[in-house]
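Please look over the structure shown here. Some questions on it are worked through below.

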Amino acid sequence: MHDDDFRARLRAFLVEHHPGRRPKDRTERLAWQKAWLAKLFDAGYAGPSWPREYGGMDLSFARQVIYQEEYAKARVPGPLGTGLGIAAPTLVKYGTAEQKERYLRPMLRGDAVWAQGYSEPDAGSDLPALRTTARREGDEYIVNGQKVWTSSGDIADVLFTLVRTGTPASRQHGISYLLVDAHAPGVTVRPLRDLTGDAHFCEIFFTDVRVPVADRVGEENGGWPLVRTSLGHERAAGAMNQAARYRRVLDELIELAHERGATADPLVRARLADFEMRVRIMRYTGMRTIADILARGEPGPASSTSRLFVVTFEQDLHEFAVDLLGPYGMLGRDDPHAVQRGRWVWGFLRTRASTIGAGTAEIQRNTIAEQLLGLPRDPAMPPSSR
Amino acid sequence: MIAFTEEQEDLRAVVRRFLADRADVRARLDSGEGHDLAVWRQLADQLGLPGIAVPEEYGGSGGGPVELGIVLEEMGRVLLPSPFFATVALVGQALTASGDDAAKSRWLPGIADGSLTATLAVAEESGRATDLTTTATGGTLSGTKMFVVDGHTADLLLVVARTGLFAVEGTAPGVTRTRLETLDRTRRLARIDFDGAPAVPIGESPPRKALDLAVVALAAEQVGGAQACLDMAVGHAKVRVQFDRPIGTFQAIKHKCADMLLAIEAARSAVYHAASAGDELPVAASVAGAYCSVAFTHAAKENIQIHGGVGYTWEHDAHRYLKRAKSSEQLFGAPAAHRARLADLVGI
């Protein structure tokens with residue numbers, strides 16, 4: 001099949017089966033999204049980069065790019081939970097055959113939602129300080145402790161969790177990687193409101209939760225290196241996905257600026273051109289990363305810096321959009337006068353998390369400096385890990 | 001999409017090794033030419049670099065903007081003062097893209113073998129490449145060009161005039177050349193006055209493509225310069241000890257370096273894409289022109305900051321990069337102008 005045919009067929013599928021407007025009610029919305037993901041999977045349009053044996057499409061990179069672009073343009077629901085980008089590559093690389101068989105397809109089909117249990121109240125950027133314990137008892141671990149800022153925790157079925165199996169002082173050398181059933185006895189999930197007013201993330205309490213040893217990924221006390229796993233392929237596809245999504249968002253912002261007559265102002269034009277430049281560079285970087293993988297089997301340095309590039313971009317973009325709204329930027333999402341249902345103001349707030357979640361921008365810069373540039377480690381800090 | 005082939009990586013390695021031995025820019029700055037003619041001969045005779053982007057039928061090796069970009073990135077790393085940039089990147093590319101067979105046969109072989117130096121004259125006293133006043137009528141050209149790279153020595157001048165692109169011999173009657181005192185002493189600039197100088201029209205289309213190719217070539221050079229600044233800064237941060245620790249252990253220094261790398265990698269994406277952009281060249285050139293300039297200047301400033309007092313001295317090379325960076329920003333349009341053009345091109 002020619003690339004153009006592939007694009008046309010995918011586009012036709014996405015248009016024909018578009019699940020319609022996003023329900024406001026949370027429960028309805030979850031069902032709506034799960035139904036969509038199942039439909040996508042059953043039609044063979046899920047997991048563009050995934051191996052076929054786990055239900056994926058195993059597309060060439062060129063096709064993955066097309067996929068991500070069309071998917072972003074179609075404005076259909078994205079994946080549920082945070083498993084696909086983070087846990088799935090870890091499982092593919094370190095999981096047992098049985099774990100892969102049991103977990104990967106349901107994750108991809110949206111039947112099981114995965115959420116991450118890494119951070120704790122006193123272990124955010126300093127993840128090696130985590131204190132949630134897993135004590136071994138025969139074929140099970142008994143887990144006790146607390147996790148926090150868990151995105152999608154309230155809809156999760158599986159929590160991929162870091163627990164302390166070593167001594168309290170063992171730091172990153174005493175950590176194991178467990179898959180915890182979110183519905184198991186002893187797991188309490190409490191939604192946590194963020195500064196947008198929404199409850200995107202949760203705090204999770206474990207009280208004597210029993211987890212089969214078979215649900216440990218990797219070796220006991222060997223969980224730390226797994227934190228770092230992100231397959232280059234996934235990262236590259238993710239970068240293309242971001243670029244495609246922000247291409248659309250920027251086009252919408254430019255349209256908004258035109259509608260409001262703001263593009264007559266040369267300063268506004270210059271700012272928009274700056275975003276245009278950056279969104280294009282995002283795409284070029286994604287393509288370059290893919291080309292690197294094809295040529296050398298691994299992504300180059302641009303893939304490590306691209307996340308920082310994107311988070312800075314999305315913060316700047318949304319803040320500029322709020323400025324563009326003038327006094328309407330003072331309105332909350334629920335006000336009937338809010339422009340475009342308050343999406344830009346909400347985005348301004350939401351993207352505060354961009355430089356915090358999944359490792360703060362400061363930690364990312366440390367990692368880049370030490371791992372890519374070879375600068376010496378700060379003696380007060382553990383070796384950088386993510 | 002771009003990944004370098006093994007041949008291209010080899011080319012990069014060869015050029016880098018060659019320049020590493022001859023990178024002492026200071027020795028050449030005060031000569032009349034502003035560059036070392038012996039190095040130029042070696043570039044031509046030993047490495048065949050002037051023909052890198054000249055088609056084989058005109059004596060070149062048939063590469064394109066990608067190969068040229070690799071060479072320029074390496075030259076940018078060491079701030080090599082050389083007629084290469086003007087002759088090969090500006091004029092060689094412009095002639096190759098001109099579609100003018102007569103012009104190509106006449107001048108490309110000389111460029112390819114290094115016997116002919118050339119430059120492209122774009123801006124005028126307004127400082128802009130628009131609203132041109134230089135005019136050509138009846139085989140002669142009149143007007144004033146400013147900021148012409150190596151304009152005082154080039155054998156051949158390619159002049160952007162109101163009605164297109166024209167070739168003028170550097171020593172032709174009616175041509176007066178004046179060297180300008182420059183901020184960046186590693187790149188010489190000249191003012192050239194034309195008063196009825198004999199001129200040959202090149203091609204038929206407006207020379208916009210020549211300008212876009214020039215912008216991309218400059219951007220490649222800027223990426224190399226920025227990378228050199230980062231390398232210098234990182235090297236210094238590893239060995240400079242303050243408060244009993246290498247300063248590179250401090251987060252404040254780490255973050256500066258990480259941000260430099262981020263900007264440089266983004267600049268690379270922009271320039272590598274532009275070098276293989278094809279029909280998208282105008283947009284890609286504007287993106288590269290806007291981004292790479294800013295990235296280089298940023299890296300040059302941070303390099304001085306990380307070097308502290310050492311970086312502020314004349315003896316250290318850091319200031320040469322700052323001067324090259326700040327001058328390069330203006331050479332073929334300031335970042336703001338590239339952004340404005342990008343806005344026009346994409347309908348903002």
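The questions and answers below deal with a sheet and a helix of chain B.

This is a predicted model, in which local features need pLDDT of at least 70, side-chain atom pairs count only at pLDDT 80 or more, and totals for chains, interfaces and linings use all residues. Residues are numbered from 1 along each chain as its sequence is written, chains are lettered from A and ligands numbered from 1 in the order in which they are written, and side-chain values use heavy atoms, without hydrogens and water.

Q: Which strands of chain B stand at the edges of the open sheet?
A: Strands are DSSP runs of E of at least two residues, and helices are runs of H or I of at least four, numbered from the N terminus. Two strands pair if DSSP finds at least two bridges between them, and the antiparallel order in chain B is β2-β3-β7-β6. One side of each edge strand has no neighbour in the sheet because each has a single partner strand; these are β2 (135-137) and β6 (175-179).

Q: Which residue in β7(B) is the bridge partner of Thr178(B)?
A: β6(B) runs antiparallel to β7 (residues 189-198) of chain B, with five bridges between them. In β7(B), Thr178(B) is partnered by Arg191(B).

Q: How far apart are the end C-alpha atoms of helix α10 of chain B?
A: The expected span is 1.5 Å times one less than the number of residues. Helix α10(B) covers residues 335-346, so its 12 residues should span 16 Å; this agrees with the distance in the model, 16 Å.
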